[in-house]
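Here is a friendly walk through one protein model, best read with the structure open beside you. Please have a look at it first, and then we can go through its spaces, cores and local details together.

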Amino acid sequence: MSSTPTSPSVAAATPRPRIALLSSKIDMAYLVPAFAEVYPQAELVLDPGPGDRESIVAAVCWAPRHGELAALPNLRLIQSIGAGIDHIASDPDLPDVPLCRIVDDDMGAGMAAYVCWAVTHRQRHMQDYADSAAAGRWEEQPIVSPRDHRVGIAGMGELGARCALALRAIGYAVRGWSRGPKTGLPADIALFHGDAQRGDFLAGCDTLVCLLPATPETFGMFDARLFARLPRGAHFVNVGRGAHVVEDDLLRALDDGALGYATLDTFIEEPLPPDHRFWRHPRVRVTPHIATRTSATAIARQTRDNLEAVLQGRAGDVAVTPGKGY
């Protein structure tokens, strides 16, 4: 893949910008080759010591340790490596510095592929077919047309809209819910918004997909009361954040049949502990937070472009509002 040259304005303002790669969860060294290709002018620091901190102008992060960013006195940019910023914004000592998330078309394609798989795998009884095949049994399951299966998406941002269009394209009846009104989608995608319309939205979800941002308002939203408003036996798919879900309520809803199945890609604690009930529950499918990923090249490129915008005084063009999460 060809690299995009660094803008002269960045090179002029910061001839050798120093960028810290920070995470308490993953080894950020995987980004080094992409930065070398896309942003060779930058100098990367994987484990900034006291002598490094004053020279660092940007931090590329996934779940940095609390207080780590505040220890960088000349920080100009905080860059998430994902679409969410809650893993950064939860730091009580977060400095007042432009905070950017990743906006990546490939991320949308990956999320749409995962959500379509999760919906069809359950709705078309694919696990039952896999079990039958393993036992050498030729067994048919009931076939329901996609148009008769209603998929609701809670969270109609860029990723939610992409998933809604993909599901619509393969024939599902799609509806979406968001905190505020949305426009620009086909008329046959039913749109709901706000607390007043949430009940009507939930009542029409044979599968409910969570793609909400992590905010104080969405923390613990998916609880016993919400699950009780879904059609009995509904399928719940969580590709948002683990903190959206009250796990004990989800397990009780699965045990008593209020929910028929759950496909879960995000969790309160990650990695999911080996003794967690989700691993062994017969109505739960666990995937290890892999619904979609941003390429290292896209992260390096957006870090470069966002730093350029900040140094030019255009932080408002690229930064998010931490309280909103986008």
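## The largest cavity

Ten names are worth selecting in your viewer here: Asn-238, Gly-242, Val-245, Glu-247, Leu-250, Leu-264, Thr-266, Phe-267, Ile-268 and Phe-278 form the lining of the largest cavity. By class, this lining divides into 6 nonpolar, 3 polar and 1 charged residues. The space inside the largest cavity comes to about 40 Å³. Please keep in mind that the model is predicted.

How many cavities of 30 Å³ or more does the structure hold? The count is 1. Rolling a probe the size of a water molecule over the atoms is what shows where empty space is left.

## Helix α9 beside the cavity

Two of the lining residues, Glu-247 and Leu-250, also belong to the buried set of helix α9, which spans residues 247–255. That set consists of Glu-247, Asp-249, Leu-250, Leu-251, Ala-253 and Leu-254. Against which elements do the buried residues of α9 pack? Their partners are α8 (224–228), β10 (234–238), β11, α10 and β12.

After α9 comes Gly-257, with a positive phi near 85 degrees. Further along, the loop between β11 (259–264) and α10 (277–280) is home to Pro-271. The peptide bond joining Glu-270 to Pro-271 is cis, with omega at about -5 degrees.

## Two nonpolar cores

The largest nonpolar core counts 48 residues, and Leu-31, Val-60, Ile-153, Leu-167 and Val-239 have the most contacts inside it. Elements giving two or more residues to this core are β1 (18–23), α2 (32–38), β3 (56–62), α4, β6 (150–154), α6 (158–169) and α11. Which element gives the largest share of this core? It is α4, with 8 residues.

Val-60 is a good place to zoom in. Leaving out residues up to four places away in sequence, Val-60 touches Ile-19, Ala-20, Leu-21, Leu-22, Met-28, Leu-31, Phe-35, Gln-79, Ile-81, Ile-299 and Thr-303. Apart from the largest core lies another one, of 30 residues, which includes Phe-201, Cys-205, Leu-254 and Val-284. Leu-254 is a name we have already met among the buried residues of α9.

## The second largest pocket

With a volume of about 220 Å³, the second largest pocket is our next stop. Its lining is made of Arg-122, Gln-123, His-125, Val-144, Asp-148, His-149, Asp-206, Thr-207, Gly-233 and His-235. Sorted by class, the lining has 1 nonpolar, 6 polar and 3 charged residues.

Let us compare two of these lining residues. Gln-123 sits in helix α4, while His-125 is placed in the loop between α4 (105–123) and α5 (126–134). Is each of them buried or partly exposed? Gln-123 counts as buried because its relative accessible area is 7%, under the 20% limit; His-125, at 22%, counts as partly exposed. Neighbours within four places in sequence aside, Gln-123 is in contact with Val-144, Ser-145, His-149 and Tyr-172.

## Positive phi at two histidines

His-125 has a further feature to check: its phi is positive, near 60 degrees, in a residue other than glycine. His-289 also has a positive phi, near 55 degrees. You will find His-289 in the loop between β12 (284–286) and α11 (296–311).

## Two strand residues

Ser-80 is placed in strand β4, residues 77–80, and it is buried because its relative accessibility is 0%. What does the side chain of Ser-80 reach at 3.0 Å? It reaches the backbone nitrogen of Gly-82, and it also makes a polar contact of 3.0 Å with the side chain of His-87. Not counting residues up to four places away in sequence, Ser-80 touches Cys-61, Ile-85, His-87, Ile-88, Cys-100, Arg-101 and Ile-102.

Ala-190 belongs to strand β8, residues 190–193. Its relative accessible area is 28%, so Ala-190 is partly exposed. With residues up to four places away in sequence left out, Ala-190 touches Val-174, Arg-175 and Gly-176. Between the C-alpha atoms of Ala-190 and Phe-222 there are 21 Å, and these two residues are 32 residues apart along the chain.

Definitions and conventions: Residues numbered from 1 in each chain as written. Predicted model: local features only at pLDDT ≥ 70, side-chain atom pairs only at ≥ 80, totals over all residues. Heavy atoms only, no water. Helix = DSSP H or I, 4+ residues; strand = E, 2+ residues; numbered from the N terminus. Buried < 20%, exposed > 50% of the residue type's maximum accessible area, 1.4 Å probe, protein only. Polar contact = N/O pair within 3.5 Å; in protein donor to acceptor, adjacent residues only side chain to side chain. Contact = heavy atoms within 4.5 Å. 1 Å grid on protein atoms, 1.4 Å probe; cavity = no way out; pocket = protein on both sides within 12 Å on 5 of 7 lines; lining within 4 Å. Points joined across faces, edges and corners; volume = space filled by probe spheres on them. Nonpolar A, V, L, I, M, F, W, Y, C, P; charged D, E, K, R; others polar. Core = buried A, V, L, I, M, F, W, Y, C linked by side-chain atoms within 4.5 Å.
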